[in-house]
Amino acid sequence: MKILVPVKRVIDYNVKVRVKTDETGVDLANVKMSMNPFCEIAVEEAVRLKEKGIATEVVAVSIGVTPAQETLRTALAMGADRAILLTTDVDPEPLAVAKLLKAVFEEEKPDAVIMGKQAIDGDNNATGQMLAALLDLPQATFASEVVVEGGKAKVTREVDGGLQTLEVALPAIITVDLRLNEPRFASLPNIMKAKKKPIDIKEASAYGVDLAPHLKVTKVTEPPKRSAGIKVESVGELVAKLKDAGVI
Amino acid sequence: MTVLVYAETDGVHVKDSTNKAVTAALAISSDVHVLTTADAEGAAKITGVTKVLSASSEALSKDIAEAIEATILPLADAYEAIIFIAGAAGKNAAPRLAAKLDCAFISDVIAVNAPNAFTRPIYAGNALESVETSDAKKIITVRTTSFAAAENGGSAAVETITPAAPAHSATFVSEEMVKSDRPELQGAKRVVSGGRALGSEEEFNKVIVPLADKLGAAVGASRAAVDAGYAPNDYQVGQTGKVVAPELYVAVGISGAIQHLAGMKDSKTIVAINKDPDAPIFAVADFGLVADYKDAVPELMGAL
């Protein structure tokens, strides 16, 4: 089977973001960018399915600015076979991304899409579900275990209160959670090999999808700062302070 | 026009989070309907609700997104906004519905600024984004820790509807729920969380759980503690786990990574117990105690 893995280039998760003083957004100039951590988990899962002989081809796809090629190279170094980049200078909303991914899905006809549950920049947690809706396919979100067998996937999901297992007929859209796996580091030989793997670069605009945003960002601000706390010297003092504050 | 709230239930009762979502809905319109899969009477009591739609099916009781979509889509014309709670069920279903209706999805709303304008956190809560939508219909999830609960005192009419069966749907196989007598993490007034420093599941259960019980608190954990198997996944507080805002949050042996702070920094009072005086958690703690939890927690238990 063929697996499509959408990946996103985002600000590195260790970077403390700064809001621009004019409140128009977050300052991304000269900030370290990486593959979204959930996308790494998705790539890892697809590659593991290939290593088990279940998947035959893993295709990584990204939508965004030209440097997103680096993100795709990372996916290729982890074991994806080839990659597709749809270039656009606008930062598309999840709905537009889902529409573009639908077009890619229809070209590639994969048996499954495995992708991250959310990107750590927009924190939307929407694109996978939207793609499933547009394609009218079943979805299994927040996966912590995926078992593919006989044209179906049994997916254990992280839900409030515990775990839930669903079965989806393939093709289906699966979004992955943190606990699914531990993504591998790309080895140097694999990074070198990845340079020879193909990346098909196309203009997103060629797909005829309306990328115009539905949402207008009116301002981006810093969250309210907490007033500085104090360090107490002893448990006794801590308990006294908590009693004074009326919380215990 | 009217706003529809998709209720969150525990299968028997409508949860308090539904009351909070109704508060958000009332900020959009004074005509609020609630769609619930259980406890229609409970939903009808929420003050401000004008009508309750009661739909039940096996798939809806398991929060299957395709079933929720099939139930709401035929009703959607009548509503200007459809509100879900930003829990696992709402996050699963709401974007699916939004795509079907070709409108933007606005997640984790923390403030309703106008019927078409909302504020939401981005970048793990390190920035707040205010957005205005040009869509006629608004599909949103609300972060319930940011809204006060609407009171119970109403008596809305209940209408039973028959949900349509989805065509291409995932099917439920099984579930494994964590049983707990303690308060639920997201609604709890007090939360005691443990981190990597606990070192083992036994230690977590020996230290964090009794302290939580003594305080009548829910138990939380950092990602490190969950990944190491000290606590179930469901206990994780943070950007990708649960977001809590209790009156009192006690962090024991938690360093305070950006991703963890995203889930608890709106707590009213934060207490940190950590032996590393430079741990980032102290930057958000109202009261910090630099000490080994092994000494501090038993002493704290004794003093409570």
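The following legends describe close-up views of a predicted two-chain model, covering its interface and its cavities.

In this predicted model, local features need pLDDT of at least 70 and side-chain atom pairs count only at pLDDT 80 or more, while totals for chains, interfaces and linings use all residues. Residues are numbered from 1 along each chain as its sequence is written, chains are lettered from A in the order in which they are written, and side-chain values use heavy atoms, with hydrogens and water left out.

**View 1. The interface of chain B and chain A.** Here 83 residues of chain B are in contact (heavy atoms within 4.5 Å) with 76 residues of chain A. Between them the chains bury about 6600 Å², buried area being the accessible area (1.4 Å probe) that two parts lose on being put together, summed over both. Carbon and sulfur atoms account for 54% of this area.

**View 2. A salt bridge between the chains.** R179(A) is paired with D227(B), their closest N and O atoms lying 3.2 Å apart. A salt bridge is a side-chain nitrogen of Lys or Arg within 4 Å of a carboxyl oxygen of Asp or Glu, and 4 are counted between chain B and chain A.

**View 3. The largest cavity.** A cavity is a set of points on a 1 Å grid over the protein atoms alone where a 1.4 Å probe fits but cannot get out; lining residues have an atom within 4 Å of a point. The largest cavity has a volume of about 90 Å³, the space filled by probe spheres set on the points, which are joined across faces, edges and corners. Its lining includes D12(A), Y13(A), Y123(B) and Q259(B).

Notes. 1 Å grid on protein atoms, 1.4 Å probe; cavity = no way out; pocket = protein on both sides within 12 Å on 5 of 7 lines; lining within 4 Å.
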